Amino acid sequence: MLSELLTLIYILASVTFIIGLKMLSNPAKARNGNLIAAAGMTLAILGTIFLYKDEYGQRLHNYGWIFGGIIIGAVVGALAAKKVKMTAMPEMVSLFNGMGGACAMLISVVEFNHLSEVFYKPGWSEVPWKINGAIIGHLLTIYAGAFIGSVSFAGSIIAWGKLNGKVKDFSFKGQHIFNIVLLFVIIGLIIFLLFGLNPLNYKLFYLIPFLSLVYGVLFVFPIGGADMPVVISLLNSFTGVAAACGGFLYDNKVMLTGGILVGAAGTLLTILMCKAMNRSLKNVLIGNFGGSKTVAA
Amino acid sequence: MLNWISENQQYIYIVILMIFLGIEVIGRVPSVLHTPLMSGANAIHGVVIIGAIIVMGKAESNNYVALILGFLAVILGTLNVVGGFVVTNRMLEMFKGKKEKKH
């Protein structure tokens with residue numbers, strides 16, 4: 001009964017997200033749209049805390065920790081958002097976006113630890129882990145969440161620093177190529193750990209979030225401050241996809257719908273923002289490696 | 001592969017429909033609303049907090065690594081949700097104020 005109620009709550013929350021986004025794109029209704037989405041989110045969070053049951057029918061525990069975390073986050077978040085100057089709002093959005101990315105990254109790390117504890121028993125190091133389709137799917141969502149969440153976190157922090165002037169533009173010769181190589185290394189590592197995970201190499205997993213953080217930093221570093229809103233919007237849609245990975249992981253439809261919705265809307269918004277600024281996305285992302293290239297393109 | 005698709009068809013349907021819906025729903029946004037919309041979408045992907053709550057709530061009470069990382073995840077996720085909605089609301093407040101003065 002209780003878990004059926006939670007399903008209903010999740011459906012309602014998903015609908016509020018869709019309606020909220022719809023209203024946010026209409027000047028007259030935007031404010032109510034924001035409030036509706038916030039109400040749906042509150043409902044989904046409270047429902048999860050009190051009604052969630054895992055596949056073994058177990059309720060959640062550690063309520064003290066959960067409420068402690070929520071209270072700290074809510075107080076700090078609300079104060080920071082209320083005190084921020086009007087002109088500094090975009091950088092605040094970037095910072096909050098980075099927090100969401102970091103949250104997705106941490107979830108992936110904890111879930112991977114959990115998984116490796118289940119599979120790894122001392123003395124088993126010679127026995128290969130049993131890898132089957134279901135586990136590969138599970139691992140893929142963990143790796144993808146760690147990768148996308150870390151890129152979004154590191155990138156958003158750099159974007160935040162650039163907007164408030166703490167981080168200067170920085171690029172080195174061949175950074176373009178270095179970034180592409182790094183991206184391929186991360187993807188290669190993900191594929192390797194997807195099919196070849198065993199008790200001897202599972203610690204290599206921690207390279208995924210680490211290299212992704214480095215990639216996120218290098219990805220945003222050379223992009224000029226004026227283009228930051230576009231980059232923040234792009235990273236925003238990345239975090240949406242990272243949240244959706246969590247939806248796959250926990251078989252949670254509200255995380256999945258919310259995440260994909262933001263991922264898709266955010267991508268379109270990024271393109272629309274580029275158009276409004278009379279820039280092409282390609283120029284923003286790769287044209288800025290060296291000022292002369294931008295002019296040529 | 002085909003087997004995997006038919007086993008996970010629910011997810012595949014959700015993902016495809018949500019991609020189209022996400023694009024459709026904001027397709028006509030005027031450019032003044034770009035930043036508030038970005039901020040609102042930012043708050044919505046804070047739904048990742050639900051994953052953090054589940055991680056935290058499942059952690060065994062002697063697994064300190066999971067407890068500490070989960071606790072951090074809950075804090076960061078809440079920051080994303082609460083901060084995101086409050087900032088969006090403030091942006092739109094400013095928007096509304098301007099409009100009323102004009103009339």
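The following exchange concerns the domains of chain A and the interface of chain A with chain B in a predicted model.

Me: Which domains does chain A have?
Reply: The domain assignment of chain A gives domain 1, residues 1-83, and domain 2, residues 89-296.

Me: How far apart are the C-alpha centres of domain 1 and domain 2 of chain A?
Reply: The separation between those two centres in chain A is 24 Å.

Me: And how many residues of each domain are in contact?
Reply: Nine residues of domain 1 of chain A contact nine residues of domain 2 of chain A. The two domains bury about 730 Å² between them, with 79% of that area on carbon and sulfur atoms.

Me: Which residues of domain 1 lose the most area there?
Reply: Tyr10(A), Phe17(A) and Leu21(A) do, and together they account for 46% of what the domain 1 side buries.

Me: What about salt bridges and polar contacts between the two domains?
Reply: Between domain 1 and domain 2 of chain A the count of salt bridges is zero. One residue pair is in polar contact, with both residues at pLDDT 80 or more.

Me: Which helices supply the domain 1 side?
Reply: Helix H1 (2-24) and helix H3 (63-83) of chain A each supply at least two residues of the side that touches domain 2. H1(A) gives the most, with six residues. By class, this side of domain 1 has seven nonpolar, two polar and no charged residues.

Me: Changing topic to chain B: how many residues are in contact across that interface?
Reply: There, 87 residues of chain A are in contact with 77 residues of chain B. Chain A and chain B bury about 7400 Å² between them, and 80% of this area lies on carbon and sulfur atoms.

Me: Which residues of chain A lose the most area to chain B?
Reply: Those are Arg31(A), Met41(A) and Trp65(A), together 9% of what the chain A side buries.

Me: How many salt bridges cross between the chains, and which residues are involved?
Reply: The rule finds one salt bridge across the interface of chain A and chain B. The side chains of Arg31(A) and Glu93(B) meet in a salt bridge, at 3.2 Å from N to O. As for polar contacts, 15 residue pairs are counted between the chains, both residues of each at pLDDT 80 or more.

Me: Which elements of chain A give two or more residues to the side touching chain B?
Reply: They are H1, helix H2 (30-51), H3, helix H4 (89-119), helix H8 (228-249) and helix H9 (253-276) of chain A.

Me: And how do the residues of that side divide by class?
Reply: The chain A side that touches chain B has 56 nonpolar, 21 polar and ten charged residues.

Terms used:
Residues are numbered from 1 along each chain as its sequence is written. Chains are lettered from A and ligands numbered from 1 in the order in which they are written. This is a predicted model: local features need pLDDT of at least 70, side-chain atom pairs count only at pLDDT 80 or more; totals for chains, interfaces and linings use all residues. Side-chain values use heavy atoms; hydrogens and water are left out. Domain bounds come from an automatic or database domain assignment. Contact means heavy atoms within 4.5 Å. Buried area is the accessible area (1.4 Å probe) that two parts lose on being put together, summed over both. A salt bridge is a side-chain nitrogen of Lys or Arg within 4 Å of a carboxyl oxygen of Asp or Glu. A polar contact is a pair of N or O atoms within 3.5 Å; within protein, one must be able to donate a hydrogen and the other to accept it, and residues adjacent in sequence count only if both atoms are side-chain atoms. Helices (H or I, at least four residues) and strands (E, at least two) are DSSP runs, numbered from the N terminus. Ala, Val, Leu, Ile, Met, Phe, Trp, Tyr, Cys and Pro count as nonpolar, Asp, Glu, Lys and Arg as charged, and the others, Gly among them, as polar.
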